[in-house]
Amino acid sequence: MIHTLRDRVRGELTLPSDAGWDEARTVWNARFDPHPLAVVRCRDAADVAAAVSVARELGLPVSVRSGGHSYAGLAVGDGALALDLSRMNAVAIDAERRVAVVEPGATWADVDRESQLHGLGTTGATVSSVGVAGFSLGGGSGYLARKHGLGVQNLLSLEVVTADGRVLRASDSENEDLFWALRGGSGNFGVVTALEIRLHAVGPEVVTAQAFHPIAHARDVLHFYRDFASGATDDVSAYAFVLRVPPVAPFPIEQHGRPAVALVACHCGDVAAGRAALAPLTEWGEPFLAALQTVPYTAAQQAFDAGMPSGLRWYTRAHYMNALDDPAIDTFVRHAEDLAGPFTMAYFEPMGGAIARTAPDAAAFPHHDAAYGLHILAGWSEPSDDDALMRWTRAFHTAMTPYATGGVYVNLLAADEGDRIPSAYGANYERLTTLKAKYDPENMFRINQNVPPRRSV
């Protein structure tokens with residue numbers, strides 16, 4: 001394998017005996033310690049195609065790291081030929097057509113920086129170090145989603161290396177079935193080597209609001225949030241978090257490290273209209289810290305970066321919800337009051353708006369009709385806390401299940417939730433298994449939230 005790879009790829013090949021091995025195989029979520037057979041830092045689509053061909057010839061699974069923010073630790077796989085695409089990070093903006101062509105190793109910081117030079121942007125992650133490829137192929141929610149749609153709704157075409165080593169273009173007019181599957185089917189159907197993404201007029205400034213309240217007021221805050229979110233225009237994305245107060249100024253010292261409920265919102269339209277729309281968030285109740293600001297769009301996109309650095313341990317559970325009724329809020333608060341873990345957060349993310357203006361079967365991602373996403377992200381640093389934090393997360397998730405739709409966002413599935421993968425796709429799942437059999441019949445791309453190929457009877 002080693003000689004074949006060295007002969008056929010131009011990118012750097014790293015092996016277990018090399019000095020840089022631990023760095024090459026380390027993933028963002030420190031709860032995982034993967035041991036691949038080798039890591040190939042690909043330089044271009046030709047490298048990807050060559051590596052995939054070698055893996056096929058040798059019967060090896062392939063794992064793919066783009067940005068690397070996999071809560072399930074799937075960016076690098078045990079026993080796999082691991083492809084690291086982080087050096088394929090070019091971003092090209094066609095301002096006249098309002099299109100970005102993005103390589104898979106680019107992060108949202110890269111895309112936001114380049115597109116904002118032209119007053120443009122598209123729905124991206126609210127942590128700027130997240131990779132564009134994994135985010136977009138799984139669904140892709142963020143501040144712009146209610147106005148401009150999810151990441152999958154903004155994909156115009158994809159270049160993809162399939163399991164047989166071919167480089168295909170997938171769009172609404174070429175390999176349409178593959179394009180359908182890739183938009184939500186994540187890494188199951190090949191290695192995406194370029195994304196063509198629709199851009200929109202955004203910024204350069206947006207309005208943001210933050211209001212932090214004591215956890216004792218959580219029920220009242222969430223009732224207010226429910227009413228505010230239900231009446232918000234598509235320009236507004238408002239989130240409700242429970243998290244620990246960062247031990248830094250300007251937060252009051254007496255609140256440092258304590259659970260709090262925080263309303264965080266962004267208005268991506270006219271600035272004056274945005275300040276008027278978000279002012280109720282900072283004026284309601286008695287927050288111990290509140291701010292209504294006009295900031296560069298790039299700053300809004302990076303506001304959560306410090307809270308999600310590489311090297312922490314993460315465990316996730318998620319639901320989609322059609323409503324926030326009083327019993328759901330009460331159950332959420334009972335569990336959130338006992339917030340476990342120093343970096344843990346639980347929050348409601350708004351859906352609706354442009355997200356809902358796409359049919360559930362238009363692409364593999366089906367959850368366009370949900371009203372909210374519920375994300376429970378347990379974060380900590382000490383391995384000795386693993387069992388307790390994971391147990392707390394599962395109990396919280398189970399308690400919220402009666403109020404959920406039964407669907408789940410594939411990018412937030414944990415590594416131990418293989419039984420929930422069909423729930424990520426709903427009625428689209430069977431079609432995905434059929435297309436998997438067409439494009440990856442041997443399931444080479446199985447180090448992911450895996451959709452197995454349908455077998456002939």
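Which residues does L156 touch, not counting residues up to four places away in sequence? I began my notes on this predicted model with that query.

**Entry 1: L156**

I found L156 in strand β8, which covers residues 155-161. Setting aside residues up to four places away in sequence, I listed V99, S171, F179, E196, I197 and R198 as the residues that L156 touches. The relative accessible area of L156 is 25%, so I put it down as partly exposed. I also looked up D416, which lies 260 residues from L156 in sequence. The C-alpha atoms of L156 and D416 are 33 Å apart.

**Entry 2: R65**

I then turned to R65, in strand β3 (residues 62-65). Is R65 buried or exposed? Its relative accessibility is 12%, and the limit for buried is under 20%, so R65 counts as buried. I left aside the neighbours of R65 within four places in sequence and read off its contacts. One run of them is E23, A24, R25, T26 and V27. The others are A75 and V76, followed by L83, D84, L85 and S86.

**Entry 3: helix α3**

I checked the length of α3, which takes in residues 45-58. With 14 residues at 1.5 Å a residue, the helix should span 20 Å, and its end C-alpha atoms are 20 Å apart, so the two values agree. How many of the 14 residues of α3 are buried? I noted ten, so the helix is mostly covered. The buried residues include A45, D47 and the run V48, A49, A50 and A51. V52, S53, V54 and A55 are also buried. Just after α3 I came to G59, which has a positive phi of about 70 degrees.

**Entry 4: α7 and α14**

I looked at how helix α7 (residues 176-185) meets helix α14 (residues 429-439). Their axes come within 10 Å and cross at roughly 120 degrees. The two helices are therefore oblique to each other. I recorded the crossing as left-handed. On the α7 side, D177, L178, W180 and A181 make the contact. On the α14 side, R431, L432, L435, K438 and Y439 do so. By class, this contact of α7 with α14 has six nonpolar, no polar and three charged residues.

**Entry 5: either side of α7**

I noted N175 in the loop between β9 (167-171) and α7. N175 is not a glycine, yet its phi is positive, at about 45 degrees. With a relative accessibility of 28%, N175 counts as partly exposed. S186 is in the loop between α7 and β10 (191-198). Its phi is also positive, near 60 degrees, and S186 is a residue other than glycine. I marked these values because most residues other than glycine have a negative phi.

**Entry 6: α11 and α12**

At what angle do α11 and α12 pack? I read about 170 degrees for α11 (residues 326-336) and α12 (residues 386-400), with their axes 9 Å apart. These helices are therefore roughly antiparallel to each other. From α11 the contact takes A328, T331, F332, H335 and A336. From α12 it takes W392, A395, F396, A399 and M400. I counted the contact of α11 with α12 as eight nonpolar, two polar and no charged residues.

**Entry 7: cis peptide bonds**

I looked for cis bonds because most peptide bonds are trans. G203 and P204 are joined by a cis peptide bond, with omega about 10 degrees. P204 is in the loop between β11 (200-201) and β12 (205-214). A cis peptide bond also joins A249 and P250, again with omega about 10 degrees. I placed P250 in the loop between β13 (236-244) and β14 (259-267).

Technical notes
Residues are numbered from 1 along each chain as its sequence is written. This is a predicted model: local features need pLDDT of at least 70, side-chain atom pairs count only at pLDDT 80 or more; totals for chains, interfaces and linings use all residues. Side-chain values use heavy atoms; hydrogens and water are left out. Helices (H or I, at least four residues) and strands (E, at least two) are DSSP runs, numbered from the N terminus. The expected span of a helix is 1.5 Å times one less than its number of residues. Buried means under 20% relative accessible area, exposed over 50%, partly exposed in between (1.4 Å probe, protein chains only). Contact means heavy atoms within 4.5 Å. Axes are lines fitted to C-alpha atoms, for helices over the stretch in contact, and angles run from 0 to 180 degrees between N-to-C directions. Angles under 35 degrees count as roughly parallel, over 145 as roughly antiparallel, 65 to 115 as roughly perpendicular and the rest as oblique. A crossing is left-handed if the near helix is turned anticlockwise from the far one by less than a right angle, and right-handed if clockwise. Ala, Val, Leu, Ile, Met, Phe, Trp, Tyr, Cys and Pro count as nonpolar, Asp, Glu, Lys and Arg as charged, and the others, Gly among them, as polar.
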